[in-house]
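This briefing looks at how some helices pack, at a patch on the surface and at contacts between charged side chains. Please keep the sequence and the structure in view while reading.

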Amino acid sequence: MSTHSSATLAAENVKSSIPLDVKEKVEQPVEADSEFEVVLDADHPQRMSNLRKWLIVVVISCASLCVTCLSSVASFTEGAVAEEFSVSHVVTILSISLFVEGLGCGPLLVGPLSEVYGRNNVYRASYAFLFVFSFPVTFAPNIAVYLIFRFITGFCGSAFLSVAGGSVSDLFDNASVANPMALYTISPFIGPILGPLMICNIHWRWTYRIMLIWIFAQLAALVIFVPETYAPVLLKRKAARLRKSTGNARYWAPLDRQDKNLMHAIAVSCYKPFQLMFYDRMALLLNTWTALILGILYLSFQAFPIIFQDHHGFTMQQTGMSYLGIGLGMVLATPTQHYWNSLVVRDAEKNGGHAPPESRLYMGEVGGILVPLSLYWLAFTTYPSVHWVVPIIASIPFGTGIYFVFAAMRSAFAAAFPLFAGAMYHRLGTVGATALLAGLMSLMAPLPFIFRRIGPRLRQKSRFAAK
């Protein structure tokens, strides 16, 4: 995700902290006819049955999983694509970089669109375009078409990395949102790991045909099972229904009286994340930290083949299985969510019922330690003389650390890292290159500890913090 994603997630967290009856209304001028302002009662998304709410979360999470899996599935088709189109291997690496860059750019557009047209319309349009534009990738006649539409499909799929978190917070109140949010949070990280595991002894075009089938199935599930959950849009639709059924034009919703300029909202969406980083040191450093971690995750799609194919003689399929360590680490981290939630609740009790944002950095502190330790362990076990299972075990804490660290993903960094990974590993060797990454993460490790302590003071000075 781009830096816009962190702004989007922050906004959703603010919304989820507002009481149900307050969140459904926006302050209106005194002269407004409040008697005819519509509200959500039994039709509020949070009053759906738990079974239906969890079904929606699972469908959205699987859609996110599919998109991020599509980002990495290209990593093991690069050789065949390079051979068929008579281009260098470096050119085919762009298929991952461009897709991830599309994931980073998309939220600048889909975020504002979701606030005007609703989340559900954005989901359906996003996946419909993803399905349509995946055909030129699957049946690409040349490398130019292949790469251009890899970027476009990444752009189309980005809604599930920027908007979907809002759907989860729409469905659950503060007391119960943590567990469903944990499921949604882990899905974009499992996706890139799942991609290499799906590789079989099939032609590279069949890899994308399988993904086409999955995308179509996800589109059908979104249409059938996922309703609109964004309260302001639901209020607007309810007001329109009441005006039509009663003939009384006085019924209104807050969105009806807001002067929404879509182009202005998109423009703000494009420059505000960069403004936030330029003027807020805390945002800049934390974004850089998480960007490096995501970049290293995508760098592994170039590094692991060097480690396991060159040093241990793995086949392509066996190398795909080597990512199980990272995936296992992420899965093992998920059950700890309840403990971290209890720390947030404890801080909330100390602060009048509202936990400070720094409470979320407890997880980041542990993750900040696990990531560099895992990379050091991995670096010094990549020698051919060391059994192949040891570096796979060493990657488990890296997966756990990724889960703990991330509040948002930084696609611009992730897009660039695969491009220089091969040259770096060949020039520095597997030990030197991985140790260099571990050193970078060691420098970043103190950040969550520092910001948890001085965060309140920095927020008081920030021009962007809510007063």
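Helix H11, which spans residues 204-225, supplies three residues to a nonpolar patch, and this is the largest share of that patch. The model shown here is predicted, and the points below begin with helix H11 before turning to two pairs of packed helices.

**The surface patch**
- The nonpolar patch lies on the surface and is formed by Leu-55, Val-223, Ile-224 and Phe-225, which together have about 350 Å² of accessible area.
- One of these patch residues, Ile-224, can be found in helix H11.

**Salt bridges**
- The structure holds two salt bridges, and in one of them the side chains of Glu-84 and Arg-205 meet at 2.6 Å, taken from N to O.
- This pair links distant parts of the chain, since Glu-84 belongs to helix H4 (residues 78-85) and Arg-205 to helix H11, with their positions 121 residues apart in the numbering.

**Packing of H5 with H6**
- Two packed helices are described by the angle between their axes and by the distance between those axes.
- For helix H5 (residues 89-105) and helix H6 (residues 107-117), the angle is about 35 degrees and the axes are 6 Å apart.
- On the H5 side the contact is made by Leu-103, Gly-104 and Cys-105, while on the H6 side it is made by Pro-107, Leu-108 and Leu-109.
- Sorted by class, the residues of this contact between H5 and H6 are five nonpolar and one polar, with no charged residues.

**Packing of H17 with H18**
- Helix H17 (residues 337-350) and helix H18 (residues 361-379) have axes that cross at roughly 135 degrees and come within 9 Å, which means that H17 is oblique to H18.
- Gln-337, Trp-340, Leu-343, Arg-346 and Asp-347 of H17 make the contact with Tyr-362, Met-363 and Val-366 of H18.
- By class, this contact of H17 with H18 has five nonpolar residues, one polar residue and two charged residues.

Methods: Residues are numbered from 1 along each chain as its sequence is written. This is a predicted model: local features need pLDDT of at least 70, side-chain atom pairs count only at pLDDT 80 or more; totals for chains, interfaces and linings use all residues. Side-chain values use heavy atoms; hydrogens and water are left out. Axes are lines fitted to C-alpha atoms, for helices over the stretch in contact, and angles run from 0 to 180 degrees between N-to-C directions. Helices (H or I, at least four residues) and strands (E, at least two) are DSSP runs, numbered from the N terminus. Contact means heavy atoms within 4.5 Å. Ala, Val, Leu, Ile, Met, Phe, Trp, Tyr, Cys and Pro count as nonpolar, Asp, Glu, Lys and Arg as charged, and the others, Gly among them, as polar. Angles under 35 degrees count as roughly parallel, over 145 as roughly antiparallel, 65 to 115 as roughly perpendicular and the rest as oblique. Patches are made of residues with over 30% relative accessible area and no salt bridge: like charges are joined within 9 Å, nonpolar side chains (Val, Leu, Ile, Met, Phe, Trp, Tyr) within 5 Å. Accessible areas come from the Shrake-Rupley method with a 1.4 Å probe; for residues, only the protein chains shown count as cover. A salt bridge is a side-chain nitrogen of Lys or Arg within 4 Å of a carboxyl oxygen of Asp or Glu.
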